[in-house]
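Reader: I should like to examine how the descriptive terms applied to this model are justified. Please set each value against its criterion.

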Amino acid sequence: MCGIVGYIGKREAYPVLIKGLKRLEYRGYDSAGVALLNDKNNLRVYKTKGKVADLEQYAADKDTSGCIGIAHTRWATHGEPNSNNAHPHMSFSGDLAIIHNGIIENYAFLKKLLQQKGIKFNSNTDTEVLVQLIDYIRTKKKTDLLTAVRIALRAVIGAYAIAILDKNNPDQIIAARKSSPLVIGIGQDEFFLGSDASPIIEYTDKVIYLDDKDIAVITKGKPLDIVDINNEKTDHEVKTVDINISQIEKGGFPHFMLKEIFEQPDCLKDCMRGRINVEADNIVLSAIIDNRKHLINPRRIIIVACGTSWHAGLIGKLLIEDFCQIPVEVEYASEFRYSNPVINSQDVVIAISQSGETADTLAAIELAKKKGAFIYGICNAIGSSIPRATHTGSYIHVGPEIGVASTKAFTGQVTVLAMLALALGKERGTIDNMKYVKVINALSEIPAKMEHLLEQSDNIKDISRIFTYAHNFLYLGRGYNYPVALEGALKLKEISYIHAEGYPAAEMKHGPIALIDEEMPVVVVATKNILYDKVLSNIQEIKARHARVIAIVSEGDDTVRNLADAVIELPQTEECLEPLLASLPLQMLAYYIAVAKGKDVDQPRNLAKSVTVE
């Protein structure tokens, strides 16, 4: 969601902050701002509605000097996007400036109390309430800033990652987090702050991830001091971030999304490296080896996730039930956390999240842990909150995903779920060895087949231009390809703003067929598997109603080609692995339609990459 950047050291802060904000643009935002302190105790705040480029233009003729500063990109929650509601926010005394990710749920109550004390507010945000509360406590109790922050944070309900400047102390930033990520980069006589590591890695690969209720006192020329909300010192391991700058740059592609689509063959090689042996006849997952007693014989498995990760979970359910013969349920984390689920110590909960910071998924994990379940995390962002909250798990190792619409993270999640199902099925003895080796071999061949599939990008681009007129799309699939239809529809909605729905093909007759006419394109995943003849019948029903059909078919399939208006061929693979291939043309279809319509595919409206609030 929102982006935080901070700097304290010997450099001029403003260029570091602006570059950092640009690194975080992928998170989604509608306003931006910066607060700077110089050695004359001059605290300046510049902020504006719009993009980081608008902030740069606004500040071009302003005083941006100073070696300490904080900056923010805001995605509006409380109050419309405008310069008043943009961060940073100042306190009533003018001494403090704050930036904040998250939501203060009891802000209205606190605001009313402060207004009764005579404090006036300049915005409609929950964030301003927090900085006013901190300043009020500090003034009323005549205490230092750290103590005021600790007292204020005990009074608030909600999620926060904050950074605060005090114009009376130009050598210090105070930062804190709860349920929203915050990373501190440690350089040579300098410190950096970020919502994630992307604005930091250009300067240092040494980071500390703050834990919930941590408060960091970051002082120029002194060691980092971290306490909890009760002022007890906490210890943190300095971690090394393994991210290359090239991974967070476009590398010659017009958009991050297209770059990430084309990265998928190499990403899946990285995902499988060290897990599938060179002979491609065995899978080794350390999580299963180390936690065999918890994973080998659960009563059931519950998968919790949101958005694209939920679609990966649907494929995971089919894989695990097929190979492991364990019942699996797939839940939206946002619903699961409020449903009073019946869970006990015999259950395994698999939590899936690209960012590792998804608020609903984190809350679902905590609920399941309290009920005694064993938690397995599947995540991309190393060191993020979900891997630290789970008992064990697997990283997908696909590298930073910058485009808001997930592509390589989805195929990485499905790959890890496939390896998990195969390895667990082998341990349980529920998959015969011939099938086990056959699927592993097929999985190891997927990257090469993806490369072959990506060679069709020009054909898919041509197909996409034809369908920019549409206001509605229907996506159909069956079996393993039903979640692919859901994911394809989501991608189109996210970046082109065309309404699209995914359905099991057999359910078309139970409602959606009423919508089908010559104005509605229908995308059908019609690969040659056990349900091929049934999907073929669905295509015939669609054509009888004059709709245009885009078909995803197996190579050499002339039957569907003679029915469909456009065809995209997939290399042959095992049915259970078809989603890894079928998802690519649907990603490209959505991408090229959105580009043809002139949309901002990397930063679609109203969406954020990391959803750290409800």
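Author: A nonpolar core is a set of buried Ala, Val, Leu, Ile, Met, Phe, Trp, Tyr and Cys residues joined through side-chain atoms within 4.5 Å. The model discussed here is predicted.

Reader: Which residues touch the most other members of the largest nonpolar core?

Author: That core has 96 residues, and I350, F473 and Y475 touch the most other members. Among the contacts of F473, apart from neighbours within four places in sequence, are F467, L492, I498, M520, V523, I550 and I593. As a general matter, nonpolar side chains in soluble globular proteins tend to be buried together.

Reader: What makes the pair of F192 and Y203 stacked?

Author: A search of the whole structure finds eight aromatic pairs, and F192 with Y203 is one of the pairs formed. Their ring centres are 4.9 Å apart, and pairing requires centres within 6.5 Å. Their planes meet at 10°, whereas stacked means under 30 degrees; the pair is therefore stacked.

Reader: Which parts of the chain does this pair tie together?

Author: F192 belongs to strand 10 (residues 191–194), while Y203 is in the loop between strand 10 and strand 11 (206–209). The pair therefore ties together parts that are 11 residues apart in sequence. F192 has a relative accessible area of 2%, and the limit for buried is under 20%, so F192 is buried.

Reader: Why is the pair of F467 and Y469 called tilted?

Author: The centres of F467 and Y469 lie 6.3 Å apart, with 35° between the planes. Stacked requires under 30 degrees and edge-to-face over 60, so the remaining angles count as tilted. The pair of F467 and Y469 is accordingly tilted. Ring pairs also link F467, Y469, F473 and Y475 into a cluster.

Reader: Are F467 and Y469 buried or partly exposed?

Author: F467 has 1% relative accessibility and so counts as buried. Y469 has a relative accessible area of 30%; partly exposed lies between the limits of 20% and 50%, so Y469 is partly exposed.

Reader: How do you know that R605 lies over the face of Y497?

Author: R605 is at 3.9 Å from the ring centre of Y497 and lies over its face. The criterion asks that CZ of Arg be within 6 Å of the ring centre and within 35 degrees of the ring normal. K111 likewise lies over the face of F121, at 5.1 Å from the ring centre.

Reader: Why are the buried residues of helix 18 said to line one face?

Author: The buried residues of helix 18 are Y532, V535, L536, N538, I539 and I542. Viewed down the helix axis, these buried residues fall within an arc of 155°, so they line one face of helix 18. In general, an α-helix has 3.6 residues a turn, so residues three or four places apart point the same way. Covering the buried residues of helix 18 are elements including strand 20 (472–477), strand 22 (522–526) and strand 23 (549–554).

Reader: What is notable about the phi of H546, and is H546 buried or exposed?

Author: H546 has a phi near 70°, a positive value in a residue other than glycine. Most residues other than glycine have a negative phi. H546 lies in the loop between helix 18 and strand 23. Its relative accessible area is 57%, and exposed means over 50%; H546 is therefore exposed.

How values were computed:
Residues are numbered from 1 along each chain as its sequence is written. This is a predicted model: local features need pLDDT of at least 70, side-chain atom pairs count only at pLDDT 80 or more; totals for chains, interfaces and linings use all residues. Side-chain values use heavy atoms; hydrogens and water are left out. Rings of Phe, Tyr and Trp (its six-membered ring) pair if their centres lie within 6.5 Å; planes under 30 degrees apart count as stacked, over 60 as edge-to-face and the rest as tilted. Helices (H or I, at least four residues) and strands (E, at least two) are DSSP runs, numbered from the N terminus. Buried means under 20% relative accessible area, exposed over 50%, partly exposed in between (1.4 Å probe, protein chains only). Contact means heavy atoms within 4.5 Å. The arc is that of the directions from the helix axis to the C-beta atoms.
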